[in-house]
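Subject: Structure handover

Hello,

Here is the structure I said I would pass on, with the sequence alongside. My notes on what turned up follow below.

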Amino acid sequence: MAKKITKEEFKQEYLRILKERYSAMPSECTPQQKYKALVQYTYAVAAGVRQDTIQRHTAQKPKKVYYFSMEFLIGQLLENYLINLGIRDVVEDGLWDLGEDFEDLCAIEPDPGLGNGGLGRLAACFLDSMATEGISGVGMGLRYRFGLFRQRIESGYQIEEPDAWLSDGFPWEMKRMDRAVEVHFGGYVDRQLREDGKLNFEHKNYSSVMAVPYYIPIVGYGAKDVNVLKLWKAQPAHDAINLDAFNRGDYKEALAERSDIEAITSLLYPNDNQEAGKYLRLKQEYFLVSAGVQSIFREYKDRYGNNRWAEMYEHVSIHTNDTHPALCIPEMMRILLDEKGFEWDEAWEITTKTCSFTNHTILPEALEKWPQDMMRSLLPRIYLIIEEIDRRWSAQLTAGEGDWREAHKKTAVLWDGNVRMADLSIIGSHSVNGVSTIHTEILKNDVFKEFYRISPEKFNNKTNGVTQRRFLIQANPALTGLITDAIGQEWKTDMTKLQQLKDFGSDSAFLDKLQAVKRANKVRLANYIAEHNQIAVNPDSMFDVQVKRIHAYKRQLLNAFKVLDLYFRLKDDPNIEMTPCTFIFAGKAAPGYIYAKEIIKFICSVADLVNGDPVVREKLKVIFVENFSLSNAQLIYPATDISEQISTAGTEASGTGNMKFMMNGAMLLGTLDGANVEILEQVGPYNIKIFGMTTDDIEELNKSGSYHTNQIINSDQSIRRIINSLVDGTFDKSNARFWKIYDAMVSENDQYFVLKDLPAYEEAWDEISGIYRSDRTRWNRISLNNIASSGFFSSDRTIREYAEDIWHINSRAVK
């Protein structure tokens, strides 16, 4: 645990670091130098806690969790770690004495380009909660040089630019060349029959890539534990330069091998619309898995020796965050079979008892599969193991009851020329969990129905959560202070204590303070928008927000259609009673997802139409915040009045943005999808607005084949006007005709039921915006109830459930 630090002690140490590192006083240093010195100070404090953690774990040997994820959206770390170490206020006061602005120094830190959306942020929240709950945990990820991309909006179009977040280094990381491992690609497998009649497998003629780990500390709240996130970087295993090519002037060829290797960890999610992109994605996934699993075996040997592999699952849990790390299963088998000398059955028992899997999607196109030929060529030994897993699974099915052919079709790992990664994950894991109640039920009753029939004991639900340290304590210090003054400090690690806030529902003075906090946060966001979008927004207007990855099923289009219809209403009757509203959108579209990019252009064109019209702009504003990131998200969540969670029912696994908005007092407007269902259960029907079709409604509509958008368009004048505006010149000032959207609604029959849900959606919006306009006391009470009911959605609760039910370990909170 970090010792108490006084302001004078901090100032003395900070000045020493500046003098030692830069031979200068603060007034002589650049802001970047002062920021790096502050990180160095914080890192040193965390390192002391880390040493205590290592010593305790060495003595106690607790079970260790290795959490594999292609994304870790950790965000800026400096302020978060100072909060978790309990020294943020001391440091801020000390810097103030030295003439430095704490917030300005924190703002220098880049957002690490290690994730894109909910999957990566969930992984980061889980690491925070593991450290806070006293669980020995290690994150396993990749050190992407350029992240996903930096989004720029130009004339309404998304432009992707490299996210060079490492251009000035990353002071939180420590390169550990001594812990590097080799990862092998290509080549062939030589099979030899041993004297005992068993086969020996040897991987030959492979290409080697060096995997170098960079350690980043994960500081738990209360400074009791510091865990580690390992990010792996790909680099040549030898001097990768073709001197013959270089000497003849062919420099591109001379460095081709080095470039191919470094590409593995250059970008998150390279575009896989073409063969080369698919090949690189598969390479990335195996690189992460092989490097991580090899390091686990090394650490296990260091701790337990070379003779206790059979009990490995008692000391190690490997958890895969979605299907991207599914190759952990055959990679673990490879090491146990080829390097440790186990027979198949015992190796399989160790592997399946060690590995567990979280599914994050139900969309068929998002369930990963790789061409068998590609897997066989790139990973020949791994492919042979997958073949054997599939063969044994098929043999098990034929020995069972029922129609084994149909069961095999629905559960085989190898099918139709592809390797199905979700099937591999389920067969090779002892636990399979969904991330919300409705999502898990869909997995059991639909997506993985046959697996559930065969192995129901594997399936369980773990509803997602988010860390209050990041999304409330750090993002909303004014609300944090108001809560703490009212109910004390315990809620920061036990969010169930927030229920005590319900006692203040009739306290008008408290509700006034809550409203003042919200307005101050809206002013803060309005200032950000004025600086970055050059648009003035009214902080007294209602802030209606939808910020998330741009995808058809998330239905940003439904929201934009609503805004357009409100615009048309005001144009028809400028005196109509309407709540002044600022609509805020943000999110990135995948580089190869053309339809999602057109949705962004449409939103921006609606913004140009609305914001440029003097008749409506006092009542409506539309903002698209470019380059959505954790940094600007922490400004957006506290300022939001309405949280738009409007995905088509049955498509969103959980969502975590809904939880972040809830913690900050926003009212949810949404469908019965994902974790919205549990939010409704927690907060009650009077503090949330649910609209639209349910999963049962959609299933019935799909079965009957009775949904025809032309009927809706022809019968509803408002909807017809919206659809016609896509192509009739309404947006000519933005140089845009939206034929892809038009075709999706008209010719392709609206896959995600945007037009079907639009009338109910607008009616719901009109109702809650009326509350905001006419009954602010009721609105503030709704806001308070959302905050008070958000405790269930802490990632601390989620992690305790994972620990007890899946990893079979006890967190500090339940010891």
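D225 is buried, with a relative accessible area of 1%. This is a predicted model, so please read everything here as computed from predicted coordinates. D225 forms a salt bridge with R56, and their closest N and O atoms are 2.4 Å apart. D225 sits in the loop between strand 9 (207-219) and strand 10 (226-236), while R56 belongs to helix 2 (residues 31-60), so this pair ties together parts that are 169 residues apart in sequence. The partner, R56, counts as partly exposed at 27% relative accessibility. The cut-off matters here: buried means under 20% relative accessible area, and partly exposed lies between that and the exposed class, which is over 50%.

The whole count comes to 58 salt bridges. Two others are worth finding on screen.

- E331 and R334 meet in a salt bridge of 2.7 Å, N to O. Both lie in helix 12 (residues 328-339), 3 residues apart, which is about one turn of the helix. Both residues are buried.
- E801 and R797 form a salt bridge whose closest N and O atoms are 3.3 Å apart. Both are in helix 34 (residues 795-807), 4 residues apart, again about one turn of the helix. E801 is partly exposed, with a relative accessible area of 24%, whereas R797 counts as buried at 11%.

Salt bridges can also share partners, and K7, E8, K11 and D97 are joined into one network in that way.

Next, the aromatic rings. A pair of aromatic rings is described by the distance of the centres and the angle of the planes. The structure holds 29 aromatic pairs. One of them is F471 with Y637, an edge-to-face pair at 5.8 Å centre to centre and 75° between the planes. F471 is in helix 20 (residues 468-474) and Y637 in helix 25 (residues 630-639), so the pair ties together parts that are 166 residues apart in sequence. F471 counts as buried, at 0% relative accessibility, and Y637 is buried too, at 5%.

The rings of W739 and Y742 have their centres 5.4 Å apart and their planes at 70°, so this pair is also edge-to-face. W739 and Y742 are 3 residues apart in helix 31 (residues 739-745), about one helical turn. W739 counts as partly exposed, at 46% relative accessibility. Elsewhere, Y67, F126, Y802 and W807 form one aromatic cluster.

Now the sheets and strand pairs.

- An open sheet of 6 strands has the order 20-19-18-21-22-23, and its pairing is parallel. Its edge strands are strand 20 (620-625) and strand 23 (689-690), each of which pairs on one side only. Strand 22 (residues 667-670) and strand 23 run parallel and are joined by 2 bridges. L669 has K689 in strand 23 as its bridge partner.
- Another open sheet has 3 strands in the order 13-15-14, with antiparallel pairing. Strand 13 (369-371) and strand 14 (414-415) are its edges, and each pairs on one side only. Strand 14 pairs with strand 15 (residues 418-420) in the antiparallel sense over 2 bridges. The bridge partner of W415 is N418, in strand 15.
- Strand 7 (residues 188-193) and strand 8 (residues 199-204) pair in the antiparallel sense over 6 bridges. D190 has E202 in strand 8 as its bridge partner. The two strands form a hairpin with 5 residues between them, and G197 in the turn has a positive phi of about 85°.

Last, the cavities. A search of the whole structure finds 5 cavities of 30 Å³ or more. The largest cavity has a volume of about 110 Å³. Which residues line the largest cavity? They are I74, L77, N80, Y81, R121, A124, L127, D128, I218, V219, T467 and R470. The elements that give two or more residues to this lining are helix 3 (78-85), helix 6 (118-132) and strand 9. Helix 6 gives the most, with 4 residues. By class, the lining has 7 nonpolar, 2 polar and 3 charged residues.

Regards

Notes: Residues numbered from 1 in each chain as written. Predicted model: local features only at pLDDT ≥ 70, side-chain atom pairs only at ≥ 80, totals over all residues. Heavy atoms only, no water. Salt bridge = Lys/Arg side-chain N within 4 Å of Asp/Glu carboxyl O. Buried < 20%, exposed > 50% of the residue type's maximum accessible area, 1.4 Å probe, protein only. Pairing = 2+ DSSP bridges. 1 Å grid on protein atoms, 1.4 Å probe; cavity = no way out; pocket = protein on both sides within 12 Å on 5 of 7 lines; lining within 4 Å. Points joined across faces, edges and corners; volume = space filled by probe spheres on them. Nonpolar A, V, L, I, M, F, W, Y, C, P; charged D, E, K, R; others polar. Phe/Tyr/Trp six-rings, centres within 6.5 Å; stacked < 30°, edge-to-face > 60°.
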